[in-house]
Amino acid sequence: MTQTQELPETGEIVLATITKLTDHGAYVTLDEYDNMQGFLHVSEIAPGWVRSVNKFVREGEKKVLLVKKVNPGRSEIDLSLKQVSKEQQKKKLLEVKRVEKGKTLLDAVKTTAGLSDIDIDKLEDIIFSKYDFVYDAFLNVATNGIEMLDELKLPKKTSSAIQEVSSKIKPPSVEIRGICELTCGKSDGVEVIKNAILDSIGDQKSRISATYIGAPKYRLSITGPDFKTAERMLKPVLDKIQKVIEKSNGTFSFTREESKKTREG
């Protein structure tokens with residue numbers, strides 16, 4: 001009995017590889033559907049009149065496309081490039097990257113724990129019961145510890161392998177920075193300022209750092225998993241510094257610098 005090939009749905013965003021160009025458009029294969037063939041008509045390549053197809057797409061190139069029409073009986077897939085927004089394209093490419101990372105991590109677990117293909121398929125199904133992407137499960141372990149997968153009730157050997165593989169992932173982080181300009185007219189003003197900064201940071205030295213640039217400037221740097229969290233960490237630090245400095249008849253100002261985002265790895 002021949003198994004029916006899964007088809008994409010109308011309106012779905014897919015990743016495709018351009019295989020052949022014609023005057024009327026381009027033939028493609030759908031990367032996520034066993035290289036099923038689809039067609040990108042010239043009228044769906046770009047807004048307006050397209051004089052030459054190869055100015056917009058090239059053979060071997062990968063493109064994020066929208067599924068316009070599906071004919072199950074003949075397995076015909078009509079696609080569109082011009083109807084895909086930049087945001088949809090970006091989101092799809094990130095999803096594809098996550099899927100690829102997940103496969104690489106499962107391969108590493110397979111090797112580390114000596115698991116079979118069937119074991120890995122079962123593990124993948126178990127992870128999908130809680131996570132949208134395999135990579136997200138490993139990232140959660142890298143960030144918060146193997147206990148995050150306790151409810152999946154994985155065999156000890158598998159769990160240990162996941163922990164080992166996840167330890168090599170660098171969780172994403174962001175850094176927000178700014179310059180504090182602080183003055184204090186007291187005779188021990190420098191000590192007042194120094195203590196105000198150190199007390200405001202407290203036990204968060206792994207996430208928050210202060211660097212002396214030159215009187216009256218100090219740079220504060222906050223590292224967090226995302227901008228919202230980093231901002232939430234910054235506010236009480238600034239409030240505490242300002243309160244101490246102004247109580248000592250000093251002056252306080254804070255100027256934001258450009259924020260940075262690190263890549264997941």
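**View A. Val28 and its partner across the strands.** In this predicted model, Val28 has Gly38 of strand 3 as its bridge partner. Look a little further along and you'll find Ala26 standing opposite Leu40, again in strand 3. Both pairs belong to a bigger picture: strand 2 (residues 25-30) and strand 3 (residues 36-41) run antiparallel and are joined by six bridges.

**View B. The hairpin turn.** Here's the link between strand 2 and strand 3, a hairpin with five residues between the strands. Keep an eye on Asp34, which takes a positive phi near 50 degrees.

**View C. Leu40 and strand 5.** Leu40, the residue opposite Ala26, also stands opposite Leu79 in strand 5. This time the pairing is parallel: strand 3 and strand 5 (residues 76-80) share two bridges.

**View D. The barrel as a whole.** Put the strands together and you get a closed barrel of five, in the order 1-2-3-5-4. The pairing is mixed, with strands 2 and 3 antiparallel and strands 3 and 5 parallel. On average, neighbouring strands of the sheet are turned by 50 degrees against each other, if you ignore direction.

**View E. A helix against the sheet.** Helix 1 (residues 86-113) packs on the sheet, where it touches strand 1 (13-22) and strand 4 (62-71). The direction of helix 1 makes about 100 degrees with that of strand 1.

Definitions and conventions. Residues are numbered from 1 along each chain as its sequence is written. This is a predicted model: local features need pLDDT of at least 70, side-chain atom pairs count only at pLDDT 80 or more; totals for chains, interfaces and linings use all residues. Side-chain values use heavy atoms; hydrogens and water are left out. Two strands pair if DSSP finds at least two bridges between them. Helices (H or I, at least four residues) and strands (E, at least two) are DSSP runs, numbered from the N terminus. Axes are lines fitted to C-alpha atoms, for helices over the stretch in contact, and angles run from 0 to 180 degrees between N-to-C directions. Contact means heavy atoms within 4.5 Å.
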